[in-house]
Amino acid sequence: MAHVLLINPWAYDFTAFDLWSKPLGLLYLGAHLRKRGFRVTLLDCLDRGDPDSCAPKNEGPRKLREAGCGGYFREILPKPAFFSSIPRYFKRFGMPREKVLARLWNLDPPDVVLVTCGFTYWYPGASVFADILRRMFPRAFLVLGGVYPTLCPDHAERLGFDAVVSVADPLSVSRHLEGLLGTSLGIRTYEDFFAVPPAFELYPRLSYGVVLSSLGCPFSCTYCASRILAPSFFQRPPQDVAEEIRYLFGRFGVRHIAFYDDALLFRAESHFLPLAEYLVRLNLPVSFHLPNGLHARYVTREVAGFLKRANFSTVRLSLETAVSPWQKQSGGKVTNELFEEAVHALQEAGFSPQDIEVYLLFGWPVEEEGDVVASVLYVRSLGLVPRLALYAPTPGTKDYETFFSHEEEPLWHNKIAFLYRRGWSKLYEKLQGKEKC
Ligand code: SF4
């Protein structure tokens, strides 16, 4: 049977941190390919647990390290001309290049290579791999997929891959792949896609697991690409998700599991609440994390109680801005009133103010500096921790069409680059220093 190599490339960026970051879509495809008899090999350049990985200079905060997260090994690179005005070092994050090359040299030549790319502005990693793979494995069929080719299809076509999958919805990706491989993967529904657990066994060891209990989001915020990446909203049966969590703990011994959902609490009565009940009954020694933030409007007293009882330790609420007109204009997912009710419910359930982090968008083009400062002060006035999430221009979103439709170079989507373009770096540092964001 054919040999398929899966690659998660290096991150080329000013900053990067492993916050429960795994190429989940690629791992699902790996699982389906293995099920159909393909020989599958994984090269994840961002796997900190790989024996070829090197210790980073900065391991990150203790709380995150204890939850399996941490800094990447990094090498400083010459800055692309595009970034000459950005006063920060540009780096390659992940395994040292020579170790990656040695690993590839020692591989049986693959027939097909699937390369993913998580952010539009990380495309240099995919581009470098296109060159390396072409030289090392001239007969292999090279396929590029992921967020970058979905949001920047024309740009991605120019990188030199044999095929570019410019959709991210699992069913569309599976159909493309079946066409390229000339064989059926047996994936006709979302139920089929989620019927196998992601191929985590391809990692030598895991310091955490990740799980996706639902696909997409029913909202359409003007700054977010969720609807483009997952046009249909789908929730998995809660019992299946709980069983997958039991499997992750039983097979890999992971004590920390992050949910990748965009809308975990939507229709909580038929999804999150039964799932949390299963988790409470399983009573595994596992902490759960929510890196994507929760919808405040769905955090009722019952939901908050189950978050606590099921051992969700990292609770983040997505407020984005406390300025009411901007909340409405961007899609109306939250109001300050709903937010305060959610905070109250969480505190009643036993979460301390220090356990509740609040995402605020920083650098969003519709806002002025005063709006962000007002939002930070509002969050602080409730005794909570604001976490500034740097805005990154995202192609396909309404805000991108409004403010950046003329931009073609994906490097400009980099959030640090945009911070400097907006001239807000000083304010960011000031707030970051004060708020420890
Ligand atoms: S609610 Fe969150 S995930 Fe959904 S569209 Fe808005 S920002 Fe994106």
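Q: If a residue is near a molecule when one of its heavy atoms lies within 4 Å of it, which residues surround the ligand here?
A: In this predicted model, where local features need pLDDT of at least 70, side-chain atom pairs count only at 80 or more, and totals for chains, interfaces and linings use all residues, the ligand is surrounded by Cys217, Phe219, Cys221, Tyr223, Cys224, Ser226, Asp262, His295 and Lys333. Residues are numbered from 1 along each chain as its sequence is written, and side-chain values use heavy atoms, without hydrogens and water.

Q: How does that shell divide by class?
A: The shell around the ligand has five nonpolar, two polar and two charged residues (Ala, Val, Leu, Ile, Met, Phe, Trp, Tyr, Cys and Pro are nonpolar, Asp, Glu, Lys and Arg charged, the others, with Gly, polar).

Q: Changing topic, what lines the largest cavity?
A: The largest cavity is lined by Phe259, Asp261, Asp262, Ala263, Leu264, Leu265, Leu290, Asn292, Gly293, Leu294 and His295. On a 1 Å grid over the protein atoms alone, a cavity is a set of points where a 1.4 Å probe fits but cannot get out, a pocket is an open set with protein on both sides within 12 Å along at least five of seven lines, and lining residues have an atom within 4 Å of a point.

Q: And by class, what is in that lining?
A: Six residues of the largest cavity's lining are nonpolar, three are polar and two are charged. Asp262 and His295 belong to this lining, and both Asp262 and His295 also appear among the residues surrounding the ligand.

Q: What about the second largest cavity, which residues line that one?
A: Its lining consists of Tyr223, Leu319, Glu320, Thr321, Gln327, Ser330, Gly332, Lys333 and Val334, and by class these divide into three nonpolar, four polar and two charged residues. Tyr223 and Lys333, which line this cavity, are also listed among the residues around the ligand.

Q: Moving on to the pockets, which residues lie nearest the centre of the second largest one?
A: The second largest pocket is lined by 14 residues, and those nearest its centre are Leu151, Cys152, Asp154, Glu407 and Glu408. The classes in this pocket's lining are five nonpolar, four polar and five charged residues.

Q: Where does that pocket lie with respect to the domains?
A: The second largest pocket lies between domain 1 (3–190) and domain 2 (208–435), because both give residues to its lining; the domain bounds come from an automatic or database domain assignment.

Note on methods. Near = heavy atom within 4 Å.
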